[in-house]
Each structure stands twice: as structure tokens, then as C-alpha cells.
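Open the model in your viewer and switch to cartoon view. Keep the sequence panel at hand. We will move from one selection to the next.

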Amino acid sequence: MTRFLLLCKRQLMQPSFCLLCLLLPITCLSIHNLEENSQSSLSVGLYTEPSNSASDSAFLTNVFTKLTSNNGSIVFQIFTEKDAMLEQTARNELDCAYSFDEDLYTKLLQQKEKNSITCYTSPSTIMDALSREVLFAALFQQLGKDIAVQYMKESGIFEDSQIELVPKLYHRYQTGNKVFSLEYQYLNSTKTSALSKQSSPSAASMPIRGFIAVLLLVSGLTGGITWLYDKECKLSVSAVCSIFIPLFFMSLSVIFTLFLTKEAHSLGKEFIICSLYLLFIIIFVRLLLQFIKNPTILTVSVPVLTLGSLIFCPIFVNLSTLMPFFQIMEKLFPPYYYLLLCRYIIT
């Protein structure tokens, strides 16, 4: 027991480690505030001149209704005055704005759509491309049926009874998941779909918890490095004890950080998650020490494991949803299992 207390005292006498424990709450609080600010909605303005054509007017009305009905990260607003929309865009009250020709529908069907949509961007926005994708998706969703009908009429090989079935079939295949379907999930939306509840644990992006998981891993690795140096100095110290001590003090800072950033759910659940993850890190580092006997080599491996965790694990961005390769690589790094524990125990 005396030796353990002396090792704890030695650990607390390291200024860099104590500074790291103190900076952890400040850093995570900054990440938390940054995450909240990044969840603000993207504001987009929509405007068109009144049209004398009923089909043109109905088409744009349906498109605008589709865009404004979405409750997500992009908020579309309809303007009746173009100058007012442009003024708000210039003042950064709107991220971008779109002005549509009143005969857009006719131009699209005649394939004369060039310069029929004008995009105005605010001086500080960089997100206009994102709104453009959503806008074009809504346009094609409304236009696809009419393009198909026009093609069938012009081809002359389809009967009228077949052409009349197109609107009903188009709607059925558009909403019936017959070919393929896309489901968008907004991070700041209060609504959760049934599919999102069944998604894999790696589908969530948790920057603060991911950052904490990486920092605990680094603490365990530093404990392993300390043990290797003690071994070279022929000091009789337990490897598990050397790994556990920095993890213990860092975990205290972690628990405080989680409650400070309001990420913690309950002390009992957080204690279970932290204890299981600490046990996993101790086992992971102890296995590394079976193969790595040189403290310099283990020191060099710290940035490699840190960067690998940040890249492959779903901390700031989840790449496993894009490439199957990342689904394999993320499981090789301990932070993935911390996020896994958080998903299953907390939810």
C-alpha cells in the first residue's frame, strides 16, 4: 500500500500530467460549445415572380412547399419581395437565396433551363453547395414524373392508358422503397426515425466522449512507458499498477468533465462505462508490453494510436458509413469500444 501511495505521489508530481487533467474540462467545454454552435440551422431564401401559367405556378408552389416542410438543419423561407430577400442575404441573416424564373417549369421540360435559377450568397457562408443539393433534389422529385410522361407521349410507342398510369406508379416507386431509398437524419432534430434507433453503434458522432476516450488511452500508454523505464532501472513495480495510476486520476477529471459539459447521464452509468473502459485499456496496454520492451518504441506508438483513433473511430466524423474498410479499422482502436459502451449502457 505504501508503494502504491508513493507511485501516486510520483504521478501527481509530474506538472505536465496535472496540467493535462486541468485542461481536459476546459478543452471539452470548448468542444461542447463549438458543437452547439455548429448545430445552428442554415437559412435559405426562396423567391419567384408570379406566373401567368397555371402549370408553372403549381410546379414552383409544390417545390416550395416540399422545401419549407422539411424540419431539419436547412430552413427555407419564401419571400414575396426580392429586394427584402437580397437585403437579408447581404446582412448575413440568410446564408444564401434563390431566385427562380416564373416559367421555370416550362424551361425545364424544353431543356432550356440555363440561367433560370440565380443563387445569391452571403459574404460569410460556405454552405451554399449543401442547400443546392437539397434544392435540386426537390426539383427533380417534382419534375421526374412529368419528364417521363413527356417522353412517353413523344415516343409514340405507348398507349394513353399506359401514360395515365405513370403518375400513380411514380408516386408508388418513389415512396415504396421498391428500387432504393434515402433517409436523412438531422442531428439537431427532435424526431428520431425507427431506422436510426436500429443503426449500428458506430453511427453516432460523439466528439466530447471520443476525445475523452482517446485521452484515457494516452494516459494508459504513458503508464506503460513509465513501467518500461522503471523496469530498465530495475525497480520492482507492477505493470498493471503503473498503467492504472494515471488512468485513475485522469478518470476523475473525465467524470468531472462529463458533468461540467452536461454530457453525463447518471453517476452510476458513467462509473460503469469508465470502469469497463479502464479495464479494457489496462488489458490492451499490458498486451502491448508483451511485444514492446523498449520505452522509446512505445512512446513513438502513442501518436500513431492517437491519430488512428481520431481518423478511424467515429469521434468527429464517421467514415465507416462510407467505406467498409473503416468498419474493420475502427475496431482495432480502444476508443471505439468506449463509444460502444456509451451507446449500449446510456441508451
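In which sense do strands β1 and β2 pair, and over how many bridges? Select residues 42-48 to find out: this is β1, and its pairing with β2 is parallel, over five bridges. Bear in mind that the model is predicted. Now pick S43; across from it, in β2, stands V75.

**The whole sheet**

Add the other strands. The sheet is open and has four strands, in the order β2-β1-β3-β4, with mixed pairing. Colour 74-78 (β2) and 117-121 (β4): these are the edges. Each has a single partner strand, so one side of each lacks a neighbour in the sheet. Ignoring direction, neighbouring strands are turned against each other by 20 degrees on average.

**Helices on the sheet**

Next, select 54-68. This is helix α3, which packs on the sheet and touches β1, β2 and β3 (96-100). The direction of α3 makes about 170 degrees with that of β1. Then select 82-90, helix α4. Helix α4 also packs on the sheet, with β1, β3 and β4 as the strands it touches. Its direction makes about 155 degrees with that of β3.

**Helix α1**

Go to residues 2-12 and show side chains. Which residues of α1 are buried? They are L7, C8 and Q11. Look down the axis of α1: the buried residues fall within an arc of 100 degrees, so they line one face of the helix. Now turn to the other side of α1, where T2, L6 and K9 are exposed.

Terms used
Residues are numbered from 1 along each chain as its sequence is written. This is a predicted model: local features need pLDDT of at least 70, side-chain atom pairs count only at pLDDT 80 or more; totals for chains, interfaces and linings use all residues. Side-chain values use heavy atoms; hydrogens and water are left out. Two strands pair if DSSP finds at least two bridges between them. Helices (H or I, at least four residues) and strands (E, at least two) are DSSP runs, numbered from the N terminus. Axes are lines fitted to C-alpha atoms, for helices over the stretch in contact, and angles run from 0 to 180 degrees between N-to-C directions. Contact means heavy atoms within 4.5 Å. Buried means under 20% relative accessible area, exposed over 50%, partly exposed in between (1.4 Å probe, protein chains only). The arc is that of the directions from the helix axis to the C-beta atoms.
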